[in-house]
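Visitor: I should like to go through the architecture of this chain with you, one element at a time.

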Amino acid sequence: MHRVLVVGAGATGSAAAWRLRQLGQVKLEVWEKARGPGGRMSTNRQEVSGATVRADMGAQYVSVEESDSATMQVAERLLSSGVCAEVSPELLTATPERPVRAKHLAGTAGGVNDALKTLLEEADATVHYEKRVASLDLQSGSWRARPFEGAPGMFDAVLIAVPGCGVGGDNLLKIHGSWEGMLKQDQNKQLMAAQHDQRWSFAFFLPSDCQAVCERYFGPKVVEKLVDDEVVHLLCYQSRKTEIVSLESSASSPVVVAHSTTEWAKRHAQRGGKDERLLREMAAHVQKLIGLEGPLSQLTSTSKVITWKQCQVQRPVTSEAVPFMAVTSAPPLLLAGDYFTSSSFSGCVRSGFAAAEALSALLKDVTPKATDAPEVSEGTGRKGKGKGGKGKRDQGKGKHKHDTWENDGGWQDGGWHHGGWKGKGGKGGKGGKGKREGYPYS
């Protein structure tokens, strides 16, 4: 049986794993750097007044384009399983990021990342969380994947579903090894040309006595408001959304999620998720918007911040005839993600499904070769992905630093308040003339 590795348990990776299981019998593993699935479908959990409260920090909904049969297949499964429920478009605002003709699903237990958990469970994959790929090297006709911590593994095929090249703490630029030298020059240019915007996300877990203020601001029905001032793009009433899809009245504390404008995020691009000054700035702005009186600590005492370094794709890879990239075909190594399509759930599923189908076809009639990983790999890093495509790594002068990380869901830099984390991306390696730049859906 072929051993297949999917790198990344976001929307693309989870969809790819689900599709691979549909297509045949493989020994499937998924390696995810975070403590759970999600990527930009990250859901944060907090204990507030003895109750577990959730906040969707990236995508607020599983937005499914009705014209996309593949994504509708996934949506029907999520609805029939009871993991998700549909939210009426009348309760939502028309944000530029959302598909126009689409169904919008929310997690019935309070988080959109439950959808990805379901896909991974049904894929019958062995999922390793907190296992981040450091390098991929070709060895004896198979791929040797080495994590930053733990034992390496040998695989007949690899599908990489992490963010593309860009700024931030974790993306394609952070996976080294001999596979880098197998990228064609035009592929390298295509990957480096893809562009995303940046946004920040703030979750405020408010005291229960703030609920009346939230009800007055949002009104009797809607679950979000489009603000688009100089600071806030979208303000979401998370606790009401959860009540609507779970059909249960919640007595827990209200939760409000604020998504910044791209301009605000750009101004503070060099800041991190633990910047208390920016937390207070956003909290004060939200406090004024909703008309909440009293100390600012009502918002800041229990909060969560995520800085999405690669958020909505602005310029995808368009030169590929398919929504993925095949680096090699024997053994297969494929790249997939929203940077080949669009930053929506449908865009991620299209890329993940197409890559999974291509990978399955490439393995057909091929004898499995992968066994347990030996201690030494014969491959070494060659060309680094960079603007010139000429940078070399691990040969003489070219060196790179491994970045450090701690997070609980996604490709981002963020910060806990009252007990938490902050992921920090290290700089990629420089060598020769080529540059490496460090690295995030609706």
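The questions and answers below take up helix packing, strand pairing and burial.

Visitor: On what basis should the descriptions be read, and which pLDDT do side-chain atom pairs need?
Guide: Residues are numbered from 1 along each chain as its sequence is written, and side-chain values use heavy atoms, with hydrogens and water left out. This is a predicted model, in which totals for chains, interfaces and linings use all residues, local features need pLDDT of at least 70, and side-chain atom pairs count only at pLDDT 80 or more.

Visitor: Are helix 1 and helix 3 roughly parallel or roughly antiparallel?
Guide: Helices here are DSSP runs of H or I with at least four residues, strands are runs of E with at least two, and both are numbered from the N terminus. Helix 1 (residues 11–23) packs against helix 3 (residues 113–122) at an angle of about 30°, the axes being 8 Å apart; axes are lines fitted to C-alpha atoms, for helices over the stretch in contact, and angles run from 0 to 180 degrees between N-to-C directions. Angles under 35 degrees count as roughly parallel and over 145 as roughly antiparallel, 65 to 115 as roughly perpendicular and the rest as oblique. The angle therefore makes the two helices roughly parallel.

Visitor: Which residues of helix 3 meet helix 1?
Guide: Contact means heavy atoms within 4.5 Å. From helix 1, the participants are A11, S14, A15, A17, W18 and R21; their counterparts in helix 3 are L116, L119, L120 and E122.

Visitor: Which residue in strand 4 is the bridge partner of E47?
Guide: Strand 3 (residues 43–48) and strand 4 (residues 51–56) run antiparallel and are joined by six bridges; two strands pair if DSSP finds at least two bridges between them. They form a hairpin with two residues between them, and S49 in the turn has a positive phi of about 55°. The partner of E47 is T52.

Visitor: What stands opposite V158 in strand 21?
Guide: An open sheet of six strands, with mixed pairing, has the order 8-2-1-12-21-20. Within this order, strand 12 (residues 157–160) pairs with strand 21 (residues 332–335) in the parallel sense over three bridges. Opposite V158 stands L333.

Visitor: Which residues of helix 6 are buried?
Guide: Buried means under 20% relative accessible area, exposed over 50%, and partly exposed in between, with a 1.4 Å probe and protein chains only. The buried residues of helix 6 (residues 238–246) pack against several elements, including strand 4 and helix 5. They are Q238, S239, R240, K241 and V245.
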